[in-house]
Amino acid sequence: MRVVLVANLNLSGLQVRQAEPVLDSLVPPLGLLSLAAVIQASGHQAVIIDPNYEIDRGAISLGREFVAQTIDAVLAEKPDLVGFSTMCNSFHITLRLAERLKALCPDLANLLGGPQVSFVDQETLAVFPFIDFVLRGEAETSLPAFLRALDGLVPYAQIPGLSYRSAGAVVRNPPPLPVDDLDALPFPAWHLFRYDAQGAYSIDVGRGCPFACKFCSTSSFFQRRFRLKSFDRLIGEIRWLQQNYHATAITFVHDLFTANRKWVRALCERLLREDNLQFAWSASARIDTVDEALLDIMGRAGCRALFYGITAAATGRGEAAKDRQRCSDHCSHHLRRDRSDAFLHRRLSD
Ligand code: B12
Ligand code: SF4
């Protein structure tokens, strides 16, 4: 089977009325690269269409023709199945793409997956008849199983995480099993990643955040199962990216890379001990999960940037407001310190 996976559009400006949307930075669709690798490992063909890349190189325009041109590019790949990745800020555009595809090819199944649709699968299937299937949550295990179901080898009812329509009603199978052993995943199919990354790559370091901030979907999405790849797997992936793709900068993708300080420290120590492993890396953090000593060793091990999630900064009345104020003060203190002390300045100018 030939599966075409379509990345979500990364636009800025969608939230500003009358502003012209512009393409955000080109970022590798890491989830789709991982799914493409498991599709290929299970004997099928995978293709990735990244509309962001196509716009950037001028093959697709970001105007009225966007939907038609993107679907033409998808159909040119002669798919047996089309899977769209979804994010909240571009969900409406993804739906238009799927609608157009169904209008042109009614027999081609439209599959949606990713962070947004995983939480609105029932509503989506109930309201939009051109969507056939939703695979919720992590899909490295469920997608190959779904392809077997599409081939008629197993019933849909046996695919964890699948939502679909049956006899006019939306059926919601039990949740998918999170990938327990991330080391067992094949390396992402970076050979399908077509744009010039200029040495910048990313690695899915682990999944699941141990916290459960009310406004954030991540802990539910990954079922609060905090998992990390082993050091051997990570070093192997870094070396593979360096040898095959000349990676010089790597984003360690994890919602909260610094959730476990002991683990971060041990990883940094390992990176410092490795021979010929020079590269710059960045990661995500929360100000209450780092301290000077940790930042120092991270800097020595090659960390050049941190993306801080600031979870509260409003003021108001009552205890909650005091908490937010304390959090805000703490943030300001840490951010000032990180900007002014040796860490970022010294490291960035190295
Ligand atoms: C790195 C990251 C970014 C990067 C790069 C984004 C990118 N396009 O890759 C940057 C910093 C640019 C970014 C920006 C934003 N992000 Co962001 N980001 C992440 C983060 C931390 C990791 C993404 C990742 O690579 N994960 C690892 C891979 C393996 O997982 P995955 O992509 O989810 O894919 C798996 C499944 O979703 C599924 N799947 C995915 N696609 C498909 C498709 C099919 C067909 C199927 C079957 C399955 C499937 O299978 C994959 C393998 O298991 C996630 C949180 C997280 N931990 O996932 C947030 C996250 C995706 N971001 C989020 C948001 C909201 C944003 C912004 C909208 C924030 C904002 N207000 O500006 C912007 C939008 C960017 C844009 N311009 O459009 C939300 C999305 C919530 C939602 N309901 O959609 C998340 C989940 C964070 C959160 N906790 O809420 N982001
Ligand atoms: S700490 Fe960050 S990733 Fe974790 S639940 Fe809170 S906002 Fe989400």
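Helices and strands are taken here as DSSP runs, numbered from the N terminus. The model is predicted. In it, asparagine 276 lies in the loop that links helix 9 (261-273) to strand 14 (280-285). The phi of asparagine 276 is near 50 degrees, a positive value in a residue other than glycine. Most residues other than glycine have a negative phi. Asparagine 276 counts as exposed, because it has 6 C-beta neighbours inside 10 Å and the cut-off for exposed is 12 or fewer.

A positive phi also occurs at glutamine 223, with a value near 55 degrees. Glutamine 223 sits in the loop between helix 7 (218-221) and strand 12 (227-228). Its 14 C-beta neighbours inside 10 Å make glutamine 223 partly exposed.

Seven strands build an open sheet. Their order is 4-1-5-6-7-8-9, and the pairing is mixed. Strand 4 (45-49) and strand 9 (169-172) stand at the edges. Each has a single partner strand, so one side of each is left without a neighbour in the sheet. From one strand to the next, the twist averages 25 degrees.

Strand 1 (residues 2-6) pairs with strand 5 (residues 81-85) in the parallel sense, over four bridges. Valine 4 has valine 82 in strand 5 as its bridge partner. Helix 4 (residues 91-104) packs on the sheet and touches strand 1, strand 5 and strand 6 (109-113). The direction of helix 4 makes about 170 degrees with that of strand 5. Helix 6 (residues 142-150) also packs on the sheet. Helix 6 touches strand 5, strand 6, strand 7 (133-135) and strand 8 (162-166). Its direction makes about 155 degrees with that of strand 7.

Notes: Residues numbered from 1 in each chain as written. Chains lettered and ligands numbered in written order. Predicted model: local features only at pLDDT ≥ 70, side-chain atom pairs only at ≥ 80, totals over all residues. Helix = DSSP H or I, 4+ residues; strand = E, 2+ residues; numbered from the N terminus. Buried ≥ 20, exposed ≤ 12 C-beta atoms within 10 Å, placed from the backbone. Pairing = 2+ DSSP bridges. Axes fitted to C-alpha atoms, helices over the stretch in contact; angles between N-to-C directions. Contact = placed C-beta atoms within 7 Å.
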